[in-house]
Amino acid sequence: MSQPVQTFTPEAFHRQAHDALGNPQIRANFRKAMDGLMDKRRQAFEEWDLEALRTLGASVRLRALSRLPDLLEQLEAKCEANGIRVHWAEDSEEACRIVTGICQENGAQSVIKGKSMVSEEMHLNAHLAEAGIDALESDLGEYLVQLNEQTPSHIIMPAIHLNTDEISTIMHEHTGTAPTRDVDVMTAAARAQLRERFMAADVGVSGVNFAVAETGTLCLVENEGNGRMTTTVPPVHIAVTGIEKVVENLSDVPPLYALLTRSATGQHVTTYFNMITSPRKEGERDGPREVHLVLVDNGRSRIYQDDELLDTLRCIRCGACMNHCPVYTRVGGHTYGTTYPGPIGAILMPHLMGLEATKDLPTASSLCGACGEVCPVKIPIPDLLVRLRRESVGEGRGNVPGAGVKRSTKEVAAWKSWQWLATHPTAWRGASIVAGKLRGLAPSHLGPWTECRVAPKPAKASLHTLIKQRTKHKELRQGQQEGES
Amino acid sequence: MTARDRILGRLRKGREERMQRDGGRGIVIPEADASVIGDRGWSRQERLQRFERWLTSVHGEVIHCETDDWTETLCRILKQKGIKRLALGHEQEVARQARQALEGKMDIALVDAARDVESWQQELFSQVDAGLTSTGGAIAETGSLWLWPTVDEPRLLSLVPPIHIAILDAEAIEDTFHDVMVSHEWAGSMPTNALLVSGPSKTADIEQTLAYGVHGPRELVVILRH
């Protein structure tokens, strides 16, 4: 059976995690997929000096970020010169309005979409539906997830939470495809269904993997060919992207592409690397007559203000951090309740949605460090998780929205008292004697700590007292021995 | 003030404040060795082997032939695969030679690909068995073809038909993507659309099981001319 439609929110992370952990199907689907992806990634880098390549990737991304405002202006100028129209959006709302506006100007009824996480972040489909425009996902995984009225559970493999039987049921219920376990048959059915829609679509909407400032080129990475269809068949193409996706030079693309495919799926290369530099020119036979690029900020320029959090913007969206995350593997992507799940989601979503809603996400990590170790552009993800934990209890220094949401006056007072005691020896000794005497009164329930642990109890005598007694004892014995000899 | 001004304003402010904080150092960019992405120095033999190994590993077919009689190889493939309708251009050398060899000789309809797509979209999507294109060259490291679609061989010719037949010269295989970009001066001359193609269209979205031909061609056949 396909899963019932369920809405996930980051606020309900704990309950959702609890439910997911109790769902053997979800756990099995993710475990199997993530184990395979980790193996494949390792093999894909076997012939490479991975450290050197990751350093190169990090340097390309950091160089781009260090010149970000200039490169965005250069990208805009180049694109405009090539005939691509560039739009800027402060937030999701504005980005949706821009896309919807372009659709309406062109009298569009139907939109076909290539995979774009930014459009997921914008909730573009819902916005278009409100305007009476039908948006259809064409990436097979996204298509299945959309049919099932769900959201992607992984940024690279949107339908990773579903198994073959579940997908067969979804295709049968929503498209009338005869139930089958044959993946080729299901794929062929989807191909036929979507081909009609490509031909009928008025507008194609895609994401962007890298935007090259030097040449005004939009690069798209994919295996299926739906990205090429989306950007070639409809008369209008709208590419939406976050402002951080820009790179300086065309020669910056090969290292990032090499890192992206191997980190994401362990592929040495994807089937297609699609580089778009202009709309259809006079005399050319196919391709869209209009190409638009929508640059979406949505909190990114705020992240840019902070020296440490800025590293979040290096991300090339490969998903390796989630593939290697022991928490993600166990709870799955939906549990996070956000567009981007896993470690990258935990460090990015607080900026996009505020810490009020996402305060639990930075704690969804054992800080084992795997995410940081595999990140192709060396984002220190564990450090950023710790930093956001600090922000959430009001100990940070940045401008993360909702900072201090987890601050509790009781907790602050408790730590302050502890600090005072620990720096005043006489008071400390007095307090530890009292604590030893009153140990019977220590509480046996201490919130989440005692959910799976025994409550700590003060010792009868403190270590300090014990050592003092021992020293005394020893001295006494030594004295006796000397007397005997 | 427009969204553009506000976004760029915030970014500039962020950058200036950072410079002030750390005495003009800004974001620290790690020193990196770019040779990790190029400098392979493979022999011709090794290049060919790598290209073929990688392309066949992703389900692409490589068929070797002599440059002079490549059209005979093409005929054999068309027959083998039961291709009845082949879309191709006119002007490009590959299309011209193929037309010369095929016209009237076999039971194969040659479909003109050098037309505005609007005039034959339905036909292209449902009645063409294979598309024939030339290639700019190839990349040994990843088994990729590179294509710059033209007026004569448009973008959809390598995408929509169920089989893509691509003609490649052995001398046009280079070591890496980086090498191709540099030696052909891509940065100064990017066309409307540049493509790397590595194998037929594929997906693993159904429980990680590979399936070919999800949106693009089910088969990619490379005729490698020596």
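**Entry 1: domains and overall form of chain B**

I began with the domain assignment, which splits chain B into domain 1 (1-31) and domain 2 (43-225). I noted that this is a predicted model. I then looked up the separation: the C-alpha centres of the two domains of chain B lie 45 Å apart.

Next I checked the overall dimensions. The C-alpha trace of chain B spans about 75 × 50 × 40 Å along its principal axes. The radius of gyration of chain B is 22 Å, whereas a compact globule of 226 residues would have one near 17 Å.

I counted secondary structure and found 6 helices and 12 strands in chain B. Of its 226 residues, 44% are buried. I also looked at contact range. Taking contacts in chain B between residues at least 6 apart in sequence, I found that 75% join residues at least 24 apart.

**Entry 2: Leu8 of chain B**

I picked one residue from helix α1 (residues 3-21) of chain B, namely B:Leu8. Is B:Leu8 buried or exposed? I found 21 other C-beta atoms within 10 Å of B:Leu8. The cut-off for buried is 20 or more, so B:Leu8 counts as buried.

Which residues does B:Leu8 touch, leaving out those up to four places away in sequence? I found A:Pro69, A:Leu72 and A:Glu73.

**Entry 3: strand β4 of chain B**

I turned to strand β4 (residues 130-134) of chain B. Why is this strand largely enclosed by the rest of the structure? I found that 5 of its 5 residues are buried, so the surrounding structure largely encloses it.

I recalled that side chains in a regular strand alternate between the two faces of the sheet. I therefore sorted the residues by face. On one side of β4(B) are B:Ala130, B:Leu132 and B:Ser134, and on the other are B:Gly131 and B:Thr133. Both faces are covered, with all of these residues buried.

Then I looked up the neighbours. Strand β2 (residues 85-88) of chain B pairs with β4(B) in the parallel sense over 2 bridges. B:Leu86 has B:Ala130 as its bridge partner in β4(B). Strand β7 (residues 163-169) of chain B also pairs with β4(B) in the parallel sense, over 5 bridges. In β7(B), B:Ile163 stands opposite B:Ala130.

**Entry 4: the six-stranded sheet of chain A**

I moved to chain A and traced an open sheet of 6 strands, ordered β1-β10-β7-β4-β2-β3, with parallel pairing. Its edge strands are β1 (84-89) and β3 (134-137) of chain A, each pairing on one side only. The twist from one strand to the next averages 25 degrees.

I checked one pair inside this sheet. Strands β7 (residues 236-242) and β10 (residues 290-296) of chain A run parallel and are joined by 7 bridges. Opposite A:Ala239 I found A:Leu293 in β10(A).

**Entry 5: a sheet with strands from both chains**

I followed another open sheet, this one of 8 strands with mixed pairing. Its order is β8(A)-β5(A)-β6(A)-β9(A)-β9(B)-β6(B)-β5(B)-β8(B). Which strands stand at the edges? They are β8 (246-247) of chain A and β8 (173-174) of chain B. Each has a single partner strand, so one side of each lacks a neighbour in the sheet.

On the chain A side, strand β5 (residues 210-212) and β8(A) pair in the parallel sense over 2 bridges. A:Ala211 stands opposite A:Val246 in β8(A).

Last, I looked up helix α12 (residues 253-265) of chain A. It lies across β5, β6 (217-222), β8 and β9 (272-276) of chain A. The helix runs at about 20 degrees to β6(A).

Methods:
Residues numbered from 1 in each chain as written. Chains lettered and ligands numbered in written order. Predicted model: local features only at pLDDT ≥ 70, side-chain atom pairs only at ≥ 80, totals over all residues. Helix = DSSP H or I, 4+ residues; strand = E, 2+ residues; numbered from the N terminus. Rg over C-alpha atoms; globule rule 2.2 N^0.38 Å. Buried ≥ 20, exposed ≤ 12 C-beta atoms within 10 Å, placed from the backbone. Contact = placed C-beta atoms within 7 Å. Pairing = 2+ DSSP bridges. Domains from an automatic or database assignment. Axes fitted to C-alpha atoms, helices over the stretch in contact; angles between N-to-C directions.
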